[in-house]
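Below is a short note for a colleague who will work with this model. The points run from the overall fold elements to single residues and pairs.

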Amino acid sequence: MRPHQTLGAIVGALLLALAVPTSAHATTGDFAYKTGTGQEATVSDAASGQCINLPGTTEEAPGHSPQNLTISTATVFLDTDCDGDTYSAIEPGKKLGEEVKVRSVIFS
């Protein structure tokens with residue numbers, strides 16, 4: 001091969017490698033909680049680094065009793081969109097009590 005063809009092949013291969021989407025990282029396992037009405041609910045195998053607003057929770061009736069059965073640390077927030085000053089980090093395998101109110105979660 002000629003040098004300019006070799007360089008073109010290398011640049012083309014690099015551009016192709018960058019254009020191929022990478023797989024999203026996800027946590028494995030379940031995140032359990034009780035909804036605002038006290039029903040048990042779970043989020044399974046969620047994407048890491050993406051905020052999840054928890055179904056069945058509202059401003060008037062947030063969820064509670066979060067249990068992290070995933071392999072990642074879960075950070076729960078009282079507010080939606082993983083916002084606000086009220087939050088708790090839950091290590092894998094841990095459960096927090098009924099006093100911990102939740103409306104959103106993000107996994108590391």
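1. Strands here are DSSP runs (E) of at least two residues, and they are numbered from the N terminus. With that numbering, Asp-45 falls in the loop between β2 (40-44) and β3. The model is a predicted one.

2. Overall content. The protein has 1 helix and 8 strands. Read from the N terminus, the order of elements is α-β-β-β-β-β-β-β-β. Of the 108 residues in the protein, 31% are buried.

3. Asp-45. Most residues other than glycine have a negative phi. Asp-45 is not a glycine, yet its phi is positive, at about 45°. The residue sits in the loop between β2 and β3. Is Asp-45 buried, partly exposed or exposed? Its relative accessibility is 48%, so Asp-45 counts as partly exposed; the cut-off for exposed is over 50%.

4. Cys-82. A positive phi also appears at Cys-82, where the value is near 50° and the residue is again other than glycine. Cys-82 belongs to the loop between β5 and β6. Its relative accessibility is 17%, and because buried means under 20%, Cys-82 counts as buried.

5. Thr-80. The loop between β5 and β6 also holds Thr-80. This residue is partly exposed, with a relative accessible area of 30%. Which residue is 8.7 Å from Thr-80, C-alpha to C-alpha, while 29 residues apart in sequence? It is Cys-51.

6. Negative patch. Six residues form a negative surface patch: Glu-59, Glu-60, Asp-79, Asp-81, Asp-83 and Asp-85. One of them, Glu-59, is in the loop between β3 (52-53) and β4 (63-70). Glu-59 has a relative accessibility of 62%, so it counts as exposed.

7. Aromatic pairs. How many aromatic pairs does the structure hold? There are 3. In the pair of Phe-77 and Tyr-87, the ring centres are 5.7 Å apart and the planes stand at 35°, so this pair is tilted. Phe-77 is part of strand β5 (residues 74-77) and Tyr-87 is part of strand β6 (residues 87-90), so the pair ties together parts that are 10 residues apart in sequence.

8. Exposure within that pair. The two partners fall into separate classes. Phe-77 counts as buried, at 10% relative accessibility, whereas Tyr-87 is exposed, with a relative accessible area of 53%.

9. Aromatic cluster. Which residues do ring pairs link into a cluster? They are Phe-31, Tyr-33 and Phe-107.

10. Gly-38. This glycine is in the loop between β1 (29-34) and β2. At 36% relative accessibility, Gly-38 counts as partly exposed. Its C-alpha atom is separated by 9.9 Å from that of Thr-57, and the two residues are 19 apart along the chain.

11. Ser-108. The segment after β8 (104-107) contains Ser-108. With a relative accessible area of 61%, Ser-108 is exposed. How far apart in space are the C-alpha atoms of Ser-108 and Gly-49? The distance is 5.8 Å, for residues 59 apart in sequence.

12. For a check by eye. Two residues to inspect are Asp-45, with a phi of about 45°, and Cys-82, with a phi near 50°. Asp-45 is partly exposed, while Cys-82 is buried.

Definitions and conventions. Residues numbered from 1 in each chain as written. Predicted model: local features only at pLDDT ≥ 70, side-chain atom pairs only at ≥ 80, totals over all residues. Heavy atoms only, no water. Patch = residues over 30% accessible without salt bridge, like charges linked within 9 Å, V, L, I, M, F, W, Y side chains within 5 Å. Areas by Shrake-Rupley, 256 points an atom, 1.4 Å probe, with all protein chains shown as cover. Salt bridge = Lys/Arg side-chain N within 4 Å of Asp/Glu carboxyl O. Lys, Arg positive; Asp, Glu negative; His and termini not counted. Charge placed at Lys NZ, Arg CZ, Asp CG, Glu CD. Helix = DSSP H or I, 4+ residues; strand = E, 2+ residues; numbered from the N terminus. Buried < 20%, exposed > 50% of the residue type's maximum accessible area, 1.4 Å probe, protein only. Phe/Tyr/Trp six-rings, centres within 6.5 Å; stacked < 30°, edge-to-face > 60°.
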